[in-house]
Amino acid sequence: MLLTIDPSKNTERQNYKLMTGSIIPRPVAFVTTKSEDGIINGAPFSYFNIVSSNPPMVSISIQRLNGGFKDTAKHIIDNNQFVVHIVDEDNVEQVNRTAASLPITESEISKTNLTLVDSHKINVPGVREAKVRMECQFVSRIPLRNGEEETGDLFIAEVVQFHIDESIYNDGRIDPKKLKAVSRLAGWNYAKIGDIFSIERPN
């Protein structure tokens, strides 16, 4: 039997559970930003994906908090720069620690064993422990609305520098088994890559 559900009759939490439970797996971005006072913020996001490869662009969607910007969103708007790291099996435990709600004056990185490292083309540092990190220059923000209320923002940025661990890189390609990226499911659940299969694309 097929259930037919009208999202307009659901609460935000009910729709959240349906979306995060069915749109899986989702890649996880660990994002570092810098406040106007120089505080380095770090936070994971699973509303994240590729936008374009020419130029290389990514997107991150950030929900509002009680109508206001979360720290990451505020820093991107103020500074126009951020770093995206691909979360993997080796760093996911440390990244998860940064999901704690801290005052804007306190860095989430201080709660981890992650090591900050300078970027090449932007003034926001990344973390050394990620096998892939991307220096990003903010391009566009699209407010997301529920009726007249702005409930979140879609940020689009251009990747201006890649940093890739040599151990996962070969002839222009990244080995997914060596990257060991994790993906987000619902609740507290994550997934590993698992079995990989190929299907030839038709002409």
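Ser59 stands opposite Ile156 in strand S10, in a predicted model. The strand that pairs with S10 over seven antiparallel bridges is S5, residues 56-63, while S10 itself spans residues 149-164. This briefing covers the strand pairings, helix H2, the residue Asp88 and the largest pocket, which holds about 1,700 Å³ of space.

**Pairing around S10**

- Strand S9 (residues 132-146) is joined to S10 by 14 bridges, and the two run antiparallel.
- Within this pairing, Leu144 stands opposite Gly152 in S10.
- S9 and S10 form a hairpin with two residues between the strands, where Gly147 takes a positive phi near 70°.

**The S2-S3 hairpin**

- S2 and S3 pair in the antiparallel sense, with six bridges.
- Phe30 has Pro44 of S3 opposite.
- Five residues lie between the two strands of this hairpin, and Gly38 in the turn has a positive phi of about 85°.
- S3 is mostly covered, with five of its six residues buried.

**The three-stranded sheet**

- An open sheet is formed by three strands in the order S1-S13-S14, with antiparallel pairing.
- Strand S1 (26-27) and strand S14 (190-191) are at the edges with a single partner strand each, so one side of each has no neighbour in the sheet.
- Two bridges connect S1 with strand S13 (residues 183-184) in the antiparallel sense.
- Pro27 is the residue opposite Ser183 in S13.

**Helix H2**

- Helix H2 covers residues 71-79, and Thr72, Ala73, His75 and Ile76 in this helix are buried.
- These buried residues lie on the same side of H2 because they cover an arc of only 165° around the axis.
- As background, an α-helix has 3.6 residues a turn, so residues three or four places apart point the same way.
- The cover over the buried residues of H2 includes strand S2 (29-34), strand S3 (40-45) and S5.
- Strand S6 (81-86), S9 and S10 are also included in that cover.
- Asn80 follows H2 and has a positive phi, near 65°.

**Asp88**

- Asp88 is located in the loop between S6 and helix H3 (92-97).
- The relative accessible area of Asp88 is 0%, which means that this residue is buried, the cut-off being under 20%.
- The backbone nitrogen of Asp90 is reached by the side chain of Asp88 at 2.7 Å.
- Leaving aside residues up to four places away in sequence, Asp88 touches Lys131, Leu179, Lys180, Ala181 and Val182.

**The largest pocket**

- The largest pocket is lined by 48 residues, and those closest to its centre are Tyr16, Tyr47, Ser61, Gln63 and Lys70.
- Helix H1 (12-22) gives the largest share of this lining, six residues.
- At least two lining residues are supplied by each of H1, S1, S3, strand S4 (48-53), S5, H2, S9 and S10.
- Some elements recur across these topics: S3, S5, S9 and S10 supply lining residues to the largest pocket, and S3, S5, S9 and S10 are also among the elements that cover the buried residues of H2.

Key
Residues numbered from 1 in each chain as written. Predicted model: local features only at pLDDT ≥ 70, side-chain atom pairs only at ≥ 80, totals over all residues. Heavy atoms only, no water. Pairing = 2+ DSSP bridges. Helix = DSSP H or I, 4+ residues; strand = E, 2+ residues; numbered from the N terminus. Buried < 20%, exposed > 50% of the residue type's maximum accessible area, 1.4 Å probe, protein only. Arc of directions from axis to C-beta. Contact = heavy atoms within 4.5 Å. Polar contact = N/O pair within 3.5 Å; in protein donor to acceptor, adjacent residues only side chain to side chain. 1 Å grid on protein atoms, 1.4 Å probe; cavity = no way out; pocket = protein on both sides within 12 Å on 5 of 7 lines; lining within 4 Å. Points joined across faces, edges and corners; volume = space filled by probe spheres on them.
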